[in-house]
There are 4 protein chains.
Amino acid sequence: MSNTQVTLIQIDNYGPWTVTPAPRREVDLQTMQSRLFADLSQHFGMQGGYAFFTRFDNMVAITNGMDLEDHARIQESVRNRYPVTVSFGVGHDERPARALVEATAQLQDEGSAQDEQRTEVLRGQPIEDDERTDSDVQIAHYDVVDATGKYTDELDAFSTFIQIEQGYASLMRHLHDEHGSLAFFVGGDNIIALTSGMDDAAFEETVTYVREDADVELQVGVGHGATAHDAGMAAKHGLETCRERGTHIEGEFC
Amino acid sequence: MSNTQVTLIQIDNYGPWTVTPAPRREVDLQTMQSRLFADLSQHFGMQGGYAFFTRFDNMVAITNGMDLEDHARIQESVRNRYPVTVSFGVGHDERPARALVEATAQLQDEGSAQDEQRTEVLRGQPIEDDERTDSDVQIAHYDVVDATGKYTDELDAFSTFIQIEQGYASLMRHLHDEHGSLAFFVGGDNIIALTSGMDDAAFEETVTYVREDADVELQVGVGHGATAHDAGMAAKHGLETCRERGTHIEGEFC
Amino acid sequence: MSNTQVTLIQIDNYGPWTVTPAPRREVDLQTMQSRLFADLSQHFGMQGGYAFFTRFDNMVAITNGMDLEDHARIQESVRNRYPVTVSFGVGHDERPARALVEATAQLQDEGSAQDEQRTEVLRGQPIEDDERTDSDVQIAHYDVVDATGKYTDELDAFSTFIQIEQGYASLMRHLHDEHGSLAFFVGGDNIIALTSGMDDAAFEETVTYVREDADVELQVGVGHGATAHDAGMAAKHGLETCRERGTHIEGEFC
Amino acid sequence: MSNTQVTLIQIDNYGPWTVTPAPRREVDLQTMQSRLFADLSQHFGMQGGYAFFTRFDNMVAITNGMDLEDHARIQESVRNRYPVTVSFGVGHDERPARALVEATAQLQDEGSAQDEQRTEVLRGQPIEDDERTDSDVQIAHYDVVDATGKYTDELDAFSTFIQIEQGYASLMRHLHDEHGSLAFFVGGDNIIALTSGMDDAAFEETVTYVREDADVELQVGVGHGATAHDAGMAAKHGLETCRERGTHIEGEFC
């Protein structure tokens, strides 16, 4: 069974900041928040983690192998280089969705996301080193079958985007509600899902669901590992195998 | 009536690049593409434009006031600093959705997004200077009523995200199909829509639609101007007025 | 005769900030200040200007063609994305060195660089549009003859660096004191000088001076134009000609 | 005695790249290389190291505690996000200058810095874990006494810069030639030197030398530690003590 460690990243009191003393230029906000995400992606990534932009003011990272001190170092780096600060809540659980519930509670217990006194929270319980295993993280990397041929080169850019977006909205809700999993759109036609203990039939079910619910044809590679990077790279290779073989699901299942 | 100029930004042959010679690290791809977007946001923003990350490999910008030479300069800057290049297709129309159809066609006419020979396309017809007016761009800035109080501080982070995401998926499809408009999620609980000639009743209809379809309560500020920045800043002020007055729709309508 | 417009960029109250409440991590300061410079380089560069990192807390830009509003826009973008703010003083003169004296005075008149009340100063007199000419900016691009063959591939990295550094220290002082010019190290073995009305013999004199004073052999391409970019690109082409022909000085002289 | 591990970072075949197929825009080169340095500063910094921009095409890092695999991960990240690649040579020695000689040799043995076949070299011998001690790195952090009061607020910006630059040129050569040490300008009026086994009298001598040679008054904080960060932070605190007490040299000496 998986044991996923996730970190909820929240920009402190961000909403009010964006309109104080007057609404700030949208392009500057876009630049600031996407660069902050880019940095976090590198910081977590250097230790085997993954970060997802999610809502940008609330981001999620897979952080198996990282302790609170590792998190504190990133918090300090953000404080020294950005006009905003970040809070981190850490949780872990067999089910990724429950791990994030726990991580969220760590922050909510300290106050509102828009409480200007609540800054740089760092709370939660990373997995102990001696409890870690080589299959703690299961990642499923989905993409749309022949997205370029069927959509990008055929439809206008927004119609393509609508298809991708509806497929993602369908999959992310379904994976969460039915499988306790967390799915993140990562650009292009790619969705990376943090799953747990799902087998071949379970993944088949998700592909079928999205086909019927949103009329989007997905394929998926699945991998596991001690860290997000290990699991994610295995999943990418699974997806490559799907492309080569014309199959829909390839990979390692627990 | 509006006259929106949009630019479709496409990373050339990006899909194949991400897996050649083997799948590249996800965290590096995330960093690279979000920084590229951040730079484009500044580049277009310095001339009054807006850029949206959309799918990251395909981005959309509002570029009223910018000619092909301005675009070429950005293209050159990307080539000099990134491992990838970008193509630009430019279109304009009363209806934002049709402008993007035109912009997309400019690129599709030159070949596939995954044709390795098709690089740095720069095509399209910017609006002539003497045809520009002070109300060419209409922008509607939506957000979720009391998102922090109702969602962020109450639900776990992913359940909140699901709500925001379903609201966006609903709005973006509806605005496109029924109003010829383009809506982009820009982080937090914010959606910026490039609209055209919509009046108070039309915006009311969109808010009602999303409430019924996705059970998400939106408010919206509307502005127009000669550029995305001018229109967008007016829309932001409209949204501030919504927050102060507890209203759902504020702004300037054509 | 040239008419150079320069902008002095000063990070407000930066020294105290770096040690408040305690010394900040050096690597974060390095990252923050070099990214700030990188952004300024793009911002000024998009309008034909050049920015030089100089001391990083004090930077210098060539800004012919940019007015105070253009500067204000950059100031706003920095404020929205960094933990620090910047002040700009603008000056212009036939002699680059005197232009920078004027630009510096604009800031000093408003208070100390470490006065925490003195933030986001924006003062000075850009050149009027109708006074601009196609030869306002003269740029000389120097590099070291066969630096790779003679130094980088032969000496250890620091011994090479000492040579380059001594050459730069010699040239920058000499050009300033004797020619009213401003020379900036821009990486590798490259030095970009903002000069004025220097002819072939004057450049010859500088090359001879550095050979004798620091035992470093330079070559130089010279160009002029309405903006830093135009002049600088002509200078680069001059330097390419030096390399091809084995000459020491090539370019356009006033 | 110290045991400093240094890494020479070289952008592969960079000179030719900057002029192929024609000279590239200077502002883009400035942005690209300063951002690359900024990233490396974070990458090495996250593991306790320091990176110095030096010549930008050749950079130097203090990397005690990092092995070749850590270096390879950074190399991969650069390749995935930049239009250039980097080579790393690693060396260690009691004397920092000799460590860099060794690191340089690792790269020179593989070919010229402008050999287009010689890319992503990764060679050298990191210090074995069981040979590391808590005082392997000695760092001296110099700055100019009252630089703001005496220079920045009094002289024009370039005259101030000349003073700082001459002081640095003097110190870096002297420390290298007489003490086997490596000194790097890090912005403002700050110089960070990687030293070895220097005592109070030796630092006194360097301050006296620069006062007489370049007429610049320095003060210096000294620290040591297992990593650059540990040593550097101790040195910063030493410098703070100098400021408080009006002394010239404070810190820990071996």
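**Exercise 1. Which residue forms a salt bridge with B:Glu110, and how far apart are the closest N and O atoms?**

Solution. This is a predicted model: local features need pLDDT of at least 70, side-chain atom pairs count only at pLDDT 80 or more, and totals for chains, interfaces and linings use all residues. Residues are numbered from 1 along each chain as its sequence is written, chains are lettered from A and ligands numbered from 1 in the order in which they are written, and side-chain values use heavy atoms, with hydrogens and water left out.

- Step 1. Apply the rule: a salt bridge is a side-chain nitrogen of Lys or Arg within 4 Å of a carboxyl oxygen of Asp or Glu.
- Step 2. The partner is B:Arg123, with the closest N and O atoms 2.6 Å apart.
- Step 3. The pair links distant parts of the chain, 13 residues apart: B:Glu110 sits in the loop between helix H4 (96–108) and strand E5 (122–124) of chain B, and B:Arg123 in strand E5. Helices (H or I, at least four residues) and strands (E, at least two) are DSSP runs, numbered from the N terminus.
- Step 4. Classify exposure. Buried means under 20% relative accessible area, exposed over 50%, partly exposed in between (1.4 Å probe, protein chains only). B:Glu110 is partly exposed because its relative accessible area is 37%. B:Arg123, at 27%, is partly exposed too.

**Exercise 2. Place the salt bridge of A:Glu76 and C:Arg25.**

Solution.

- Step 1. The two side chains meet at 3.2 Å, N to O.
- Step 2. A:Glu76 lies in helix H3 of chain A and C:Arg25 in the loop between helix H1 (14–18) and helix H2 (26–45) of chain C, so the pair joins two chains.
- Step 3. Both A:Glu76 and C:Arg25 are buried.
- Step 4. Set the pair in context: the count comes to 64 salt bridges over all chains. A network of salt bridges links A:Arg35, B:Asp39, B:Arg81, C:Asp39, C:Arg81 and D:Arg35.

**Exercise 3. Classify the two ends of the salt bridge between B:Glu250 and B:Arg245.**

Solution.

- Step 1. The N to O distance is 3.4 Å.
- Step 2. B:Glu250 has 14% relative accessibility, so this residue counts as buried.
- Step 3. B:Arg245 has 59%, so this residue is exposed.

**Exercise 4. Describe the surroundings of A:His176.**

Solution.

- Step 1. A:His176 belongs to helix H6 (residues 157–179) of chain A.
- Step 2. A:His176 is buried because its relative accessible area is 15%.
- Step 3. List contacts (heavy atoms within 4.5 Å). Not counting residues up to four places away in sequence, A:His176 touches A:Ala97, A:Ser181 and A:Leu182, and also B:Phe158, B:Ser159 and B:Ile162.
- Step 4. A:Pro96 is 80 residues away in sequence, yet 9.0 Å away in space, C-alpha to C-alpha.

**Exercise 5. Locate two backbone features, at A:Pro21 and A:Thr54.**

Solution.

- Step 1. The peptide bond from A:Thr20 to A:Pro21 is cis, with omega near 0°.
- Step 2. A:Pro21 is in the loop between helix H1 (14–18) and helix H2 (26–45) of chain A.
- Step 3. A:Thr54 is not a glycine, yet has a positive phi of about 45°.
- Step 4. A:Thr54 is in the loop between strand E2 (50–52) and E3 of chain A. A:Thr54 is buried because its relative accessible area is 7%.
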